[in-house]
Amino acid sequence: MILVNLSFILCVLACFKDVIVSSSIVTISNNGYSGLLIAINPEVPESSQLIDAIKEVWTDASKALYTATKQRAYFDQITILVPKFWNEGTYQPAGKETYDAADVLVAYPNPVYQDQPYTLQYGGCGEPGTYIHLTPSYLVNDSFVDIFGPKGKAMAHEWGHYRWGVFDETPTYGYDPFYYNSMGQIEATRCPVNLKGEFKVIDYSTGTTHDCQRNVQDGLPEDNCVFFPYEEQSSYLTSSFMSNQYIKQVELFCHNDKNDPYNIHNNEAPNEQNRMCNLRSTWEVILDSSDFSNVNSPNVEILDTSPTFRVVKPSSSKRYVLVLDTSGSMDGKKLEQMRQVVSIFIGQFVPTGDQVALVEFASSASKLTSLRTLTDQSDRDFLLTKLPKDASGNTCIGCGLQSALAVKPNTLIFILEENGEDPAGGNIVVFTDGEENENPYVKDVSHEVLRAGGVVHAIFFSTSASNDLATLVVDSGGIWFYGSDVSINSILGAFQTLASPNDGDVYSETFQVHSSTFDVDKYSTYNGYVDVDSTVGNNTVFTFIWDQYNIQIEVVLEHPSGCVYSTNHLANANYCTGQPLDKVDLTFKVVSFPLPGTAEPGRWRYYVSSAADRLQKVIASVTSQAADRSKQPIVVSSGLDKTDVGTGDAIVVYAQVSQGFAPVLDANVLALVQQPDGIVKELELYDAGAAPDVRADDGVYSRFFTSYSTPGSYGVQVTVSQTAKSYKATRVAGSRAPVNFGTIKADGSVSINPDGMQYVGTNDVTPVETGNFSRVVTNEGFQYTGIAVSEADDFFPPSAISDLKAEQMDVNDPNSGVALSFTAPGNDYDQGTAFRFELRYVIDNVTQLVDEFENCTIVEDTDVIEGNLTQPKVAGSKEVFLISTNGSFTTNQITLGFALLAIDESGNRADPSNVAPITYFYSSPVVIQTTTVDDLTTVGDLTTVGDLTTVGDLTTDANTPSIANDFTTDSNFTTDNYSTPKDDITTEGYFITEDYTTTDSYSTEGGNASRVTATINSILFMATLILYFLMT
């Protein structure tokens, strides 16, 4: 590539966004946020001190937020949800509030972050996070103020992650803590660059620091070098909350306002904000959010930003009203399948103590039972006898909803109120197979349902869903699912999801550890297995459902030790203790094996055979609870980025795999997408840090889905299993509050924060084997409203590349070239293989790549030393290109910016990638070492020259400035304490190849300074420069 002097041409690059839907119901009106939910984990003991601390911290956060947003926002209404077993305080009853839907979790420490506040952030730039995690210790102990700064400011930092989707401007895991700026000077990764300080290595064993050494390879500071900001900063400094919120003067976000250059965004820093938001400042992203785009203008008249708090406690049990479709279209197989899955929901999934009522609807509706508390098996058996057996008539979903709400038609006595409870928060589950065709319609009763406060869920047993019902589900805070009569596996999983307690107590939650559908022919046997891991085992149930005839299937269940349980007598069998264990229900065609005690960890095998004359379709499902409270169970949560998709749109499927708060890595994660015709498409999810995945190795797996066969409803189920390398990570990337390791005082002394030591780490991953495990979760469904997609159609472009990185192959070799690395996209988003790449670059002003990508200089094939722009690798592969940089320049270094996009065979173009800037050196930044002159102290007395304050005695001690920095650091030629460098003095980059000094270590005030061992020539050269400067 021949680099030539270019005019400043504008280039465009849209910032990559991986949108993940947040469950938050927070809204903002008249500058005030309401609906913020802070939930306390059930493991946390009752504490009025904790409640008071939450109120104090978030009152301070409201004030800090009002200032940080320049009078645009504050917290107006906040709800605190306490665990249901807290009994000492006075708490209001909760409505729809649940732990799983909270914006802020107060829970035990994350083993990765300890007591450090952080935000679980799946999405891309501008997309909301999943939750903010705070520990009780952090909230009640004032010592954390020394580590993370005032707690209100730390909360404002986390709100930036959670609400507005901005990222850290400090060097988080995987990002370089130091870099060369466009002038060739070494800078710490931060924002703004005018936040001044020095580079130090901390020795916590002695409580001392020393100057950082420079790496021989690239001249940057050594590993473990830390940026220490000055305790006293310029009065002009006011930002940035996403960089160093603990600094006293920091109260705003970095911006792009040229009228305030001191706090302007540092787009050269190699941080996550610049990569994910494509060099945009945090304030730009925040102002573009729906919170402030043409609404909520600054309001200086708000004098009191203190929030109002509600402290609520959930009911001790959940309430379900099952609204079952018995219209004519449900007759036959569908009715039988509905009875099967509902029988398992009532008989197995609903926890003891919860309440269930039954309603059926066709042309009209009727209540089958009132709410009944499940105290023992007799309550479950009673409800099962009331399940409908016949189906006929039209479909009046509105009738069913009305009956779910009222004991008698046209009354206001709600079923959900029968036991004296508020109807708010009660669950109405509608099971239906078709569009409504009888008055009243859903839209006619939606207002009544929403006014009552019930949460509506829907299971659509058809290719098309009622749009009005789907809308009501979303508006009420519920979930809708899709399943096909081809296999009711996903419907069974949907009921499993709905039975979750949603209270944060993973030890009482029932997990689906296995789910499969298979065919069994006459006189044949199907073999399967389940890995039961050591984190689960209590209340383990193996369930088998068959679909035809009253001839039961025969099942043999083999214990990991080799003994067996069986539905029939086996000659000479090695039976396990407790045989016979099986429960056979011919009415619902279900066989179950409830295992006694805690299931033995290991591989359980099952053998299923049938004596029926025809093929039997069988579903196998295994559920289990945590083994005990001494070990966190492995948990999987999953979701979609949207629920409505049109032609040309992709949907993102994601899954989080964790044990406690620690991510589980290298798992096999597979999404099973059920199409309207019942066919299931498999989609493997990855945690590789390439689009749509935001960060590698954070336990969040994701992928784009584009295989739409026809318009209609789609269901999604995710299965997760171990690999040989599955392990818990102990250090990973994340969005967390930056740590204050210490400061430089005005007298130059270093003040070390001893409490910061626990947060110093290399972020290396220490493998902790999980052992064999498996989990199954069923997602909400989605609607595809576009046109049918065939194999020949190509509506989808490649995905945008989000992990482009650039680096000089060898900073000591100007002809070494630029190495570009990224993850290959596919032909359709992240699937298949793209046709070719289009790579472009600019010189100096890399932000031009964000404006007009198409007008930037293209990299030709002849400029590529290694790699091939016309032969992309298959999606998910690592691409590496080496680009030539032959050119003539009068400077010692230049700034280059690169971006690229992929194109498929149909000409569909991806959005451009993130911008990858690089300072490219034509003269090495690594100072060349020469022979030293022993015992050399001074050459002449240069202590003062006229009115010039001490330049230095030119001794060989650690205080002697080097040539490369003599005219750039604030320790020389100052106008007052810690002034900024003089711009008109030659910078370090122009003397880095001179053979005069040896730089061993240095500290810097946002710039550079060095300890030098000098030769006689170096000292004479320095003296000449000083005299020249004075004369001119």
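**Exercise 1.** State the mean pLDDT of the chain in this predicted model, and find where pLDDT is under 50.

*Solution.* The chain has a mean pLDDT of 84, with 84% of its residues at 70 or more. Residues 1-21 stay under 50, and the model gives them 101 contacts beyond four places in sequence. Residues 928-1021 are also below 50, with 198 contacts beyond near neighbours in sequence.

**Exercise 2.** Describe the span, bend and surroundings of helix α4.

*Solution.* Step one: α4 covers residues 151-164, which is 14 residues. From first to last C-alpha it reaches 19 Å, close to the 20 Å expected at 1.5 Å a residue. Step two: a kink of about 25° is centred on E158. Step three: 14 of the 14 residues are buried, so α4 is largely enclosed by the rest of the structure. After the helix comes G165, with a positive phi near 70°.

**Exercise 3.** Which parts of the chain does the disulfide of C125 and C277 tie together?

*Solution.* A search of the whole structure finds five disulfides. In this one the sulfur atoms are 2.1 Å apart, and the link is right-handed, with 105° about the S-S bond. C125 sits in the loop between β8 and β9 and C277 in the loop between α5 and α6, so the pair ties together parts 152 residues apart in sequence. Buried means under 20% relative accessible area; C125 has 0% and is therefore buried, and C277, at 0%, also counts as buried.

**Exercise 4.** Locate the cysteines of the disulfide joining C212 to C225.

*Solution.* The S to S distance is 1.9 Å, and the link is right-handed at 85° about the S-S bond. C212 belongs to strand β13 and C225 to strand β14, 13 residues apart.

Key. Residues are numbered from 1 along each chain as its sequence is written. This is a predicted model: local features need pLDDT of at least 70, side-chain atom pairs count only at pLDDT 80 or more; totals for chains, interfaces and linings use all residues. Side-chain values use heavy atoms; hydrogens and water are left out. pLDDT is the predictor's confidence in each residue, from 0 to 100. Contact means heavy atoms within 4.5 Å. Helices (H or I, at least four residues) and strands (E, at least two) are DSSP runs, numbered from the N terminus. The expected span of a helix is 1.5 Å times one less than its number of residues. The bend at a residue is the angle between axes fitted to the seven residues ending there and the seven starting there. Buried means under 20% relative accessible area, exposed over 50%, partly exposed in between (1.4 Å probe, protein chains only). A disulfide is a pair of cysteine sulfur atoms within 2.5 Å.
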